[in-house]
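Welcome! Let us take a walk through a protein model, one part after another. Have the picture open while you read.

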Amino acid sequence: MAPSLYLFLFLLIFNSGNRVASKSKVRSFPEGFLFGASTSAYQVEGGAFDDGKGLSIWDVTSHEKTSPIQDGSTGDVSANSYHFYKQDVEIMKDLGLDFYKFSISWPRILPDGFANNVNKAGIDYYNNLIDEMLNNSIKPFVTMYHWDLPQQLQKIGGWTNPYIADWFKDYASVLFENFGDRVKHWITINGPSEICYGGYGSDLLAPMLNMTGIADYACAKNVLLAHANAYHLYDEMFREHQNGTIGIALNFTWFEPTSDNPDDHQAARDARQFLFGQYAHPIFTKEGDFPEEFKRKIAGKSAEQSFKRSRLPELSATEVTAIRGSADFLGINSYTTKMVYRDASIEGMYPVPSYMDDMGVVIVKDSMWPQSQTDWLQEVPWGFYKMLREVNRLYDNPLVYITENGWSTAGGLLDEDRIRYLRNYLSALLDAIDAGCNVQGYSVWSMIDAFEWRDGYNAKFGLYEVDFSNEDRSRTPRKSAFIYKEIIKSKSLDPHYEPEVYLEEVPENEEKKDDYVYNK
Ligand code: PNW
């Protein structure tokens with residue numbers, strides 16, 4: 001869509017009874033299956049400096065003199081959900097969501113990171129949001145940590161400081177005390193591999209420490225212990241009265257070997273161990289601890305490199321026990337698939353030491369797969385299916401919620417590629433359920449357009465478009481919103497359902513939002 005032109009969306013009454021029966025069948029979701037949509041605090045809230053909130057590592061990173069963000073933008077205001085949360089709840093209602101996955105900003109609750117100083121305005125904000133949701137029968141799925149670490153904690157090492165396991169426990173305790181009477185689904189930490197590799201092993205995410213092979217592994221151990229602390233605190237002090245459940249959300253990109261060669265199959269298994277086995281194995285297997293091969297590989301490389309000990313910190317027997325079994329469900333964030341192989345070309349490919357060198361695989365994209373606006377994101381629904389089967393096999397068929405899955409575009413309301421992606425992934429999900437996987441819910445990333453980390457506002461993931469140039473940050477449903485709404489309403493997937501959406505260009509100077517009408 002040409003940026004200078006507005007699109008005018010007009011929905012007409014549609015008599016579905018007259019439709020020609022389609023060839024491909026309509027598939028139903030199981031009884032009780034939950035549909036949701038996701039966002040995170042720094043990405044949508046704005047209000048970055050309001051009402052006593054402390055600084056997070058993203059406030060600092062996005063304000064660096066030479067901005068590391070693609071379009072030089074920040075999350076200072078973003079979609080302004082801090083002030084417009086009621087509009088967000090309207091959207092949840094309109095979509096018919098069963099649940100909404102949002103995150104709590106640690107420094108909005110504890111400005112310095114520590115629990116001695118609780119910011120009342122922060123507590124009020126989340127109380128208002130939760131109550132507004134519950135009044136509209138939307139279940140809160142609450143993430144305690146989605147990447148916006150208090151800057152004060154980063155000054156003393158952030159996720160590489162072992163004390164963070166205690167600080168996180170104290171923070172969790174404040175959340176259970178204040179919100180646990182109404183929140184029945186807790187997610188401790190979102191995306192440990194992004195936090196640790198993205199933030200400490202590379203410069204992809206704040207705090208952009210770029211100390212791979214060392215800081216990423218120290219982070220991993222501390223994230224696991226912080227998670228386990230929150231879980232046991234809930235179990236011991238809150239579960240009996242609050243009766244909720246608590247889990248973690250991990251990234252499960254699928255890695256597919258490029259050939260039938262056993263080396264390539266081993267490469268794919270190694271890549272999966274490094275990406276998700278690193279976190280899922282300690283929590284979701286009977287034996288616990290980091291995966292054997294993962295430990296052996298890093299220890300071996302460390303010895304070759306003259307380190308006195310493995311760069312991967314050990315988990316003591318007590319720590320293994322504390323982490324093992326510390327989740328009532330597994331949250332899966334999964335978007336895409338990558339191809340991997342291993343051959344002599346790997347020599348000298350990666351810095352030494354590094355996480356990538358330890359993993360020792362070559363990762364490539366298949367250019368045949370549909371490409372989104374985001375470099376790493378391609379549409380590969382069969383990879384999603386294979387991933388779910390592997391999770392079932394490796395981790396003894398855990399209760400799974402898909403906590404994030406979605407597609408980015410450059411913008412525009414007519415998002416046919418997002419619709420195709422959502423339908424194909426939901427269909428793969430139904431195949432996995434048919435094959436015995438215990439998936440009980442699905443959440444789209446994201447409900448509304450948001451600050452997309454280092455991509456700024458260049459990649460749009462929302463079912464709803466947000467007008468970031470307009471002070472009221474007006475939200476407009478994309479075509480995919482109408483499709484998702486119908487999926488939720490009918491609890492089924494009809495590949496041929498078409499909302500009667502007419503798109504019409506209107507002159508630039510006309511007020512889009514006032515003219516935006518749809519009749520039901
Ligand atoms: C998600 N990968 O993480 C984050 O949780 C969101 O905050 C973010 O907006 C969304 O990705 C889109 O970028 C990721 O497969 C999960 O490479 C998986 C991958 C990357 C990021």
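Two strands count as paired if DSSP finds at least two bridges between them. Keep in mind that this is a predicted model.

**The open sheet**

With that rule in hand, look at strand β10, residues 337–341: three bridges join β10 to β11, and the two strands run antiparallel. One place to spot this is Tyr341, which stands opposite Val362 in β11. These two strands belong to an open sheet of three strands, ordered β8-β10-β11, with mixed pairing. Why is one side of β8 and of β11 left without a neighbour in the sheet? Both β8 (254–257) and β11 (362–364) stand at the edges and have a single partner strand each, so one side of each stays free of a neighbour in the sheet. On average, neighbouring strands here are turned by 40 degrees against each other, direction ignored.

Helices join the picture too. Helix α10, residues 262–284, packs on this sheet and touches β8 and β10; the direction of α10 makes about 170 degrees with that of β8. Helix α14 (residues 381–394) also lies across β8 and β10, but α14 runs at about 105 degrees to β8.

**The barrel**

Now turn to the other sheet. Eight strands form a closed barrel, in the order β3-β4-β5-β6-β7-β9-β12-β13, and their pairing is parallel. Neighbouring strands of the barrel are turned by 25 degrees against each other on average, direction ignored. How many bridges join β7 to β9? There are four between β7 (residues 245–251) and β9 (residues 330–333), which run parallel. In one of these pairings, Asn251 has Asn333 in β9 as its bridge partner.

Helix α7, residues 164–179, packs on the barrel sheet and touches β5 (139–145), β6 (185–190) and β7. The direction of α7 makes about 160 degrees with that of β5. Helix α15 packs on this sheet as well, touching β12 (400–404) and β13 (439–445), at about 165 degrees to the direction of β13.

**The ligand**

Which residues come nearest to the ligand? Of the 13 residues around the ligand, these are Gln43, His146, Thr253, Glu404 and Glu452. The table lists some distances from polar side-chain atoms to an oxygen atom of the ligand.

| Residue | Distance to a ligand oxygen |
|---|---|
| His146 | 2.8 Å |
| Asn190 | 3.1 Å |
| Thr253 | 2.7 Å |

On its own the ligand has 460 Å² of accessible area, and the protein covers 91% of this.

**A salt bridge across the chain**

Side chains of opposite charge can pair when their charged atoms come close. The count for this model comes to 30 salt bridges. One of them joins the side chains of Arg27 and Asp431, at 2.8 Å from N to O. This pair links distant parts of the chain, 404 residues apart: Arg27 sits in strand β2 (residues 27–28) and Asp431 in helix α15 (residues 416–434).

**Some backbone details**

Most residues other than glycine have a negative phi, and most peptide bonds are trans. Here are some spots to compare with that. The peptide bond from Ala206 to Pro207 is cis, with omega near 5 degrees, and Pro207 is in the loop between α8 (192–201) and α9 (215–242). The bond from Val352 to Pro353 is cis too, with omega near -5 degrees; Pro353 is in the loop between β10 and α13 (355–359). Finally, Asp51 is not a glycine, yet Asp51 has a positive phi of about 50 degrees. Look for Asp51 in the loop between α1 (41–44) and α2 (57–61).

Definitions and conventions:
Residues numbered from 1 in each chain as written. Predicted model: local features only at pLDDT ≥ 70, side-chain atom pairs only at ≥ 80, totals over all residues. Heavy atoms only, no water. Axes fitted to C-alpha atoms, helices over the stretch in contact; angles between N-to-C directions. Contact = heavy atoms within 4.5 Å. Near = heavy atom within 4 Å. Polar contact = N/O pair within 3.5 Å; in protein donor to acceptor, adjacent residues only side chain to side chain. Areas by Shrake-Rupley, 256 points an atom, 1.4 Å probe, with all protein chains shown as cover. Salt bridge = Lys/Arg side-chain N within 4 Å of Asp/Glu carboxyl O.
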